[in-house]
Amino acid sequence: MPFARLASATTPTCHLGLGLAAVGRPGYINLGREEDLPPVRSVDALRERTHELLEAAYAQGVRYFDVARSYGRSEEFLADWLNARPDIDDVVVGSKWGYTYTAGWSTDAEQHEVKDHSLATYERQRAETDALLGDRLDLYQIHSVTPDSPALTDKELHARLAEAAAAGLSIGFSTSGPAQADAIRAALEVTVDGAPLFRTVQSTYNALETSAGPALAEAHDAGLTVIVKEGMANGRLAAPHAPDVLQAVAEETSLGCDAVALAVILRQPWVGVVLSGAATVTQLASNLHAAVVDLDVDQLTRLTTLAEDPRIYWEQRGRLPWH
């Protein structure tokens with residue numbers, strides 16, 4: 001299993017990964033992108049920013065990198081960086097299929113991505129991913145599984161994914177929406193020839209959205225590696241947008257709101273990797289301080305008051321504009 005490489009790592013940041021959703025394309029829903037990214041978001045400019053982040057992350061002990069077919073050119077940018085460093089053999093690379101990027105490198109496209117969990121989409125996107133990442137790809141995840149996703153019931157798709165697993169690729173899935181827990185539990189029941197299909201799950205979990213926690217604990221107990229995405233709630237838990245409670249705790253720790261928010265997730269016993277979605281090297285360095293944040297019982301108790309009803313959380317997330 002590729003995540004055994006992380007299990008044997010000893011750096012403080014070995015349980016933190018870098019996701020490239022925010023820098024692989026010019027438009028995304030994270031707050032603060034106007035200040036975070038270059039005013040001209042050309043392909044070359046975001047390639048350079050991505051490489052700066054990858055270089056800084058690797059130097060500071062990060063060993064998991066997360067991309068997707070729908071994250072613009074994220075796979076291409078990561079592949080360029082890896083190809084220039086053939087001596088690096090201790091990273092784990094995960095990508096996702098199931099969404100197609102449709103914005104044409106524009107920030108004001110009517111539609112930025114199209115979801116399709118069909119076998120045909122898997123075959124097309126798997127070929128596209130292989131052309132870029134080849135044998136550097138460790139993990140291939142179904143992107144944003146929901147309880148009604150055909151990916152949970154398509155036996156032909158399951159058979160093809162099992163073939164990829166037999167050839168050495170780890171198969172996982174990510175979730176989104178207010179029914180993440182239901183999707184996780186349904187995916188845990190998917191088997192091929194009596195064996196569980198999925199080895200990893202990647203879900204949204206943060207101080208505002210904790211509803212998937214019990215199901216993620218079950219996934220961990222079933223042997224899956226749990227990856228947490230959107231730990232910063234798309235910027236809602238970062239200064240200056242962070243709630244007063246989080247800002248107060250951050251001031252007490254003398255670290256950033258982002259580090260505290262990620263530290264809360266790292267404390268969960270079922271967590272394997274927590275993703276940073278940093279768009280700048282400065283943000284990344286601040287995020288990585290999560291590994292050394294020490295929160296007491298009182299601070300953790302106060303932070304639990306931030307949890308929202310998942311329906312309200314996802315409704316608000318759905319209203320975030322693409323910047």
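1. A good place to start is the helix pair: α9 (residues 244–253) and α10 (residues 257–266) pack at an angle of about 100 degrees, with their axes 8 Å apart. Axes here are lines fitted to C-alpha atoms, for helices over the stretch in contact, with angles from 0 to 180 degrees between N-to-C directions. The two helices are therefore roughly perpendicular (65 to 115 degrees). On the α9 side the contact (heavy atoms within 4.5 Å) uses Leu 246, Gln 247, Val 249, Ala 250 and Thr 253, and on the α10 side Cys 257, Val 260 and Ala 261.

2. Please keep in mind that this is a predicted model, where local features need pLDDT of at least 70, side-chain atom pairs count only at pLDDT 80 or more, and totals for chains, interfaces and linings use all residues. Numbering runs from 1 along each chain as its sequence is written, and side-chain values use heavy atoms, leaving out hydrogens and water.

3. The largest nonpolar core (buried Ala, Val, Leu, Ile, Met, Phe, Trp, Tyr and Cys joined through side-chain atoms within 4.5 Å; buried is under 20% relative accessible area, 1.4 Å probe, protein chains only) has 87 residues. Helix α10 gives the largest share of this core, 8 residues. Leu 246 and Phe 198 are among those with the most contacts inside the core.

4. Now for α7 (residues 180–188): its buried residues are Gln 180, Ala 181, Ala 183, Ile 184 and Ala 187. They fall within an arc of 165 degrees (directions from the helix axis to the C-beta atoms), so they line one face of the helix. Their packing partners are β6, β7, β10, α8 and α13.

Key: Buried means under 20% relative accessible area, exposed over 50%, partly exposed in between (1.4 Å probe, protein chains only). Helices (H or I, at least four residues) and strands (E, at least two) are DSSP runs, numbered from the N terminus. Angles under 35 degrees count as roughly parallel, over 145 as roughly antiparallel, 65 to 115 as roughly perpendicular and the rest as oblique.
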